[in-house]
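Here are a few exercises to work through with the model open on your screen. Try each one before you read its solution.

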Amino acid sequence: MIQGAWLCLFAPLAGAFAITVMGDSITRRTAGWISTLSVFVAFAGAVVSFVGLLGESPGEREHLSTAWTWLSTGSFKIGMTLLVDPLSVLMMLIVTGVGGLIVLYSIGYMDGDPEERRYFAYMSFFVFSMLMLVQAGNFLLLLVGWGLVGLASYLLIGFWHERAEAVAAAKKAFIMNAAGDATMALAFFVLIWQTGTLEFAEAFVGAEGMSSTLLNLVALGLLGGAVAKSAQIPLHTWLPDAMEGPTPVSALIHAATMVTAGVYLIVRAHPLFELAPSIQDLAAGLGALTLLVAGFIALVQTDIKRVIAYSTMSQIGYMFLGVGLGAYGNGMFHLMTHAFFKALLFMAAGLVIHHLAGEQDIRRMGGVRRVMPKTFVAFLVGSLALVGIPPLSGFFSKDAILASALASGGYGQLLFAAGLLGTLLTGLYTFRLFFVVFLGRPSELVLQHAQGSHGRPEEEDASRTHGKTAHGETASHGEGPWTMTVPVAVLTVLAVIGGWLQIPDVWHPFGDWLHDVAEPLVEPSVTQDLVASALAVGLGLVGVGVAWLFYGARSRELPRVAGVRHALEHKLYFDELYDLVFYRPAVWMAGVWRRTIEEPLIGGSITGVSLGARRAGGVLGETQTGYLRSYALAIAAAAAVLVVVFLAVQ
Amino acid sequence: MAGPEITWYLIVSAILFSIGTLGVLLRRSPLIVLLSLEIMLNASNLALISFARLHGGHDGQIFALAVMAVAASEVVVGLGLIVAVSRRRLTLDVDSFRVLRG
Amino acid sequence: MGNFLVWAVWLVAAFACLGSGIAVVSFTNAFYSALALIGNLGSLAVLFLLASAEFLAAAQVLVYAGAVMVMFLFVIAYLGDTAGLPFRGGGPSWVSVGAVVAATAILVEVVVAIGLKAGNALSSVDEIESSFGSPGEIGRVFLTDHLLAFEITSIVLLIAAVGGVILGTRTRAEDELDAQGAAGQETYGRA
């Protein structure tokens with residue numbers, strides 16, 4: 001079982017290493033298969049660990065395995081330690097399972113891209129980093145995984161590095177995550193200072209003796225990292241821009257796994273958060289705020305991937321809401337179902353984009369249903385799951401969170417209201433997207449690509465879409481090669497049945513599985529469950545209905561509230577605010593320092609040395625006047641001085 | 001000994017020496033510089049003679065004779081230089097010989 | 001009485017010496033300077049006599065005043081008007097100031113040295129015979145104790161004679177320059 005965990009961790013790394021080392025000597029396809037196989041092997045390892053844990057009684061399901069002592073100074077030791085417990089195994093399964101499907105999908109999606117090998121090496125590397133994050137047995141290794149995941153995200157967002165927008169987006173993501181990393185590191189420093197250790201169990205025990213200010217600081221630092229990684233307000237602006245990366249990357253990193261790392265962190269470190277309840281409440285509040293703001297902004301987005309990105313942001317807001325109120329099991333449950341249907345949505349969107357030769361603007365799409373009926377079904381399932389329509393998976397997980405909110409007292413009920421409003425918005429924006437893209441008469445662009453054979457993109461599309469997708473001469477017709485359609489089909493099934501792991505009060509294996517790791521703070525009653533579900537489903541359907549009115553039947557005009565629309569299209573001006581507050585002062589300061597310190601002192605000192613030497617030489621050269629008389633004077637003066645010396649010495 | 005003591009001779013010699021120094025440093029004609037140089041040499045000759053008288057030995061006088069001979073040779077060479085310079089129609093000005101200027 | 005006479009002669013000679021020295025340095029006309037130098041040499045010869053250096057006094061007059069100064073006068077006559085020019089001044093001012101300072105410093109130091117350091121040692125004059133500075137004595141010492149100095153001095157004189165001859169010859173190139181009548185005066189260096 002432990003070997004399974006180690007295999008799980010290192011198989012993707014071996015895959016990435018192999019692809020890198022073999023370089024051009026393998027075909028691009030082979031690189032894709034190596035990467036896919038490495039992730040599936042990791043999945044196998046995760047399954048082995050899972051089965052192993054299943055065989056044990058609930059109280060014993062925690063195994064720490066240390067390979068070697070990595071860092072040892074004084075009394076502070078950190079080992080290369082893996083933790084196998086229900087939470088980490090759950091994450092391992094999600095990451096490798098969904099990840100494996102997405103990497104398989106990439107083989108078809110990225111087919112023909114000249115740098116495919118680099119892509120697959122990065123994907124394997126990412127899976128390894130994420131596994132390191134979730135399997136870490138102490139905070140330091142978790143931080144290592146955290147940072148590596150950020151690196152992998154940067155590399156993959158900026159994969160098409162010839163595009164300036166992609167490079168800018170990658171930098172933005174990395175820098176924002178760096179802010180989160182910094183707060184996390186500070187929190188760890190405080191932990192080390194106060195408790196002397198970063199092992200989970202000992203740190204949690206030691207933290208109980210800390211003052212409340214310090215506990216708040218630690219929790220706040222961890223929350224900062226979680227907020228940055230999970231793209232919650234205020235560190236959320238990088239996620240929409242991250243859609244510059246290839247669609248499978250968006251599916252894997254920015255929907256299913258990396259952005260959920262923040263939620264995982266809160267659940268893993270929940271004892272610390274429980275010792276700082278105000279910070280935990282803050283987390284829930286931020287989640288609620290984000291789910292609303294993201295929902296509103298998604299209403300006006302015109303890029304298919306950006307709508308789904310804001311949707312991700314919103315759903316993670318739900319997860320934060322859940323774990324912020326102490327409903328750890330429900331939060332993780334939503335994490336799992338969200339991984340299924342969000343990856344499904346991204347991949348289905350990717351099928352559409354791939355079919356339309358890189359087009360992502362929904363205003364140019366329409367009636368795709370006629371051309372891609374299977375994708376239509378997949379997208380429909382994903383959308384219904386997202387909105388939370390029973391019996392699909394999203395229904396069970398989202399409503400569980402809402403029920404927990406309802407059961408959490410006054411503050412919780414306020415957040416419950418926000419969550420309900422969120423479901424309305426979710427229905428609205430999701431089905432806006434669905435109706436605009438799939439229903440109606442096929443648009444010109446869709447008709448152009450209707451035959452299903454993919455040639456090179458045509459003239460005017462070429463400039464806009466170049467670099468967004470890879471196109472090869474695929475022999476398969478229909479909606480895509482089997483490497484793309486099979487994962488979509490699998491995820492469709494999972495999106496349907498995934499929620500059936502936890503039906504409140506009927507059977508809850510999921511909650512039981514995580515119970516020992518993270519005991520929930522709140523258990524909603526049956527009534528609260530039913531009330532929450534009814535309201536949520538009802539509002540979701542209302543949202544769908546409104547969307548149908550405006551976008552489906554096209555029977556009504558959109559209300560024009562000019563200022564609001566403008567603000568939403570500018571994503572509530574967060575980017576402009578950050579530019580003003582952070583970017584411009586930083587640039588100004590850098591300029592000031594360059595002028596006052598860099599150029600005069602450092603640059604100047606170097607040229608100053610050379611200039612000074614030259615000038616000294618020049619000055620000395622002045623003594624060689626050529627004047628006979630001055631030379632004679634020098635002799636006379638020297639003689640005078642020497643006489644004095646002789647007299648003095650005498 | 002009759003007359004002033006050796007000290008006086010030495011003082012005269014010192015004053016003569018500084019006069020000669022002034023002449024060497026302040027005049028621009030090489031000819032006058034040579035003349036001033038002669039004054040300096042003579043001043044040192046006077047000092048040598050005085051010390052010879054003081055110590056009752058002939059060493060100072062021999063030294064003064066040698067100085068005289070060397071001074072004469074030096075004058076020969078110096079005057080030859082001045083004549084050569086004037087033959088080349090160059091200005092006879094110590095300040096204008098500045099080839100060694102660095 | 002004898003002492004008084006000696007003193008008087010000494011004073012006259014000393015002042016003549018110094019006065020002519022100043023005259024050499026300050027006259028504009030080179031001819032006058034040379035003549036002043038002859039006067040200087042003469043007064044110095046008197047001083048030598050008073051210091052019991054008879055042979056040297058004679059040599060001074062014969063060699064210096066007689067031969068060297070005649071050579072000087074010949075060259076001054078050859079150079080004509082250009083001999084004494086230019087007068088002092090010109091050049092960087094610090095040279096003039098520095099020159100005065102240096103000369104004064106040397107003077108002061110030497111006087112101080114004579115006064116302070118050697119005070120008593122200069123009072124005791126050794127006794128000498130009457131033949132002290134005579135040619136016989138000088139000759140004897142030259143050929144016995146200071147033979148090396150004698151020989152080397154003669155070599156130096158030889159070299160000077162040869163050098164003088166070399167400096168004095170005209171080369172063919174100079175003759176042609178003269179023939180072409182190169183007018184104007186060049187100056188050396190970057191003045």
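Buried area is the accessible area, taken with a 1.4 Å probe, that two parts lose on being put together, summed over both. Keep in mind that this is a predicted model.

**Exercise 1.** Describe the interface of chain C and chain B, from its area down to its residues.

*Solution.* Start with the area: chain C and chain B bury about 7,800 Å² between them, and 73% of that lies on carbon and sulfur atoms. Next, count who takes part: 92 residues come from chain C and 80 residues from chain B. Now look for specific pairings. The rule turns up zero salt bridges here, but it does find eight residue pairs in polar contact, both partners at pLDDT 80 or more. Then ask which elements of chain C do the touching. Seven helices, H1 to H7 of chain C, each supply at least two residues, and H3(C) gives the most, with 13 residues. Finally, sort that side of chain C by class: 59 nonpolar, 25 polar and eight charged residues.

**Exercise 2.** Now do the same for chain B and chain A.

*Solution.* The area first: these two bury about 990 Å² between them, 57% of it on carbon and sulfur atoms. Which three residues carry the most on the chain B side? B:Leu25, B:Asp95 and B:Arg98 supply 48% of the area that chain B buries against chain A, more than any other three residues. By class, the side of chain B that touches chain A has five nonpolar, two polar and five charged residues. Despite the charged residues on that side, the rule finds zero salt bridges across this interface. There is one residue pair in polar contact, again with both at pLDDT 80 or more. As for the head count, 12 residues of chain B meet 11 residues of chain A.

**Exercise 3.** Is A:Leu501 buried, partly exposed or exposed?

*Solution.* Find the residue first: A:Leu501 sits in the loop between helix H22 (482-497) and helix H23 (509-515) of chain A. Its relative accessible area is 34%. Buried needs under 20% and exposed needs over 50%, so A:Leu501 counts as partly exposed. Its contacts beyond four places in sequence include A:Phe333, A:Met336 and A:Trp507. A:Ser393 is 108 residues away along the chain, yet its C-alpha atom is 9.0 Å from that of A:Leu501.

**Exercise 4.** Where in chain A does pLDDT stay under 50?

*Solution.* Begin with the whole chain: the mean pLDDT of chain A is 84, and 93% of its residues reach 70 or more. The stretch you want is residues 452-477.

Technical notes. Residues numbered from 1 in each chain as written. Chains lettered and ligands numbered in written order. Predicted model: local features only at pLDDT ≥ 70, side-chain atom pairs only at ≥ 80, totals over all residues. Heavy atoms only, no water. Contact = heavy atoms within 4.5 Å. Salt bridge = Lys/Arg side-chain N within 4 Å of Asp/Glu carboxyl O. Polar contact = N/O pair within 3.5 Å; in protein donor to acceptor, adjacent residues only side chain to side chain. Nonpolar A, V, L, I, M, F, W, Y, C, P; charged D, E, K, R; others polar. Helix = DSSP H or I, 4+ residues; strand = E, 2+ residues; numbered from the N terminus. Buried < 20%, exposed > 50% of the residue type's maximum accessible area, 1.4 Å probe, protein only. pLDDT = per-residue confidence, 0-100.
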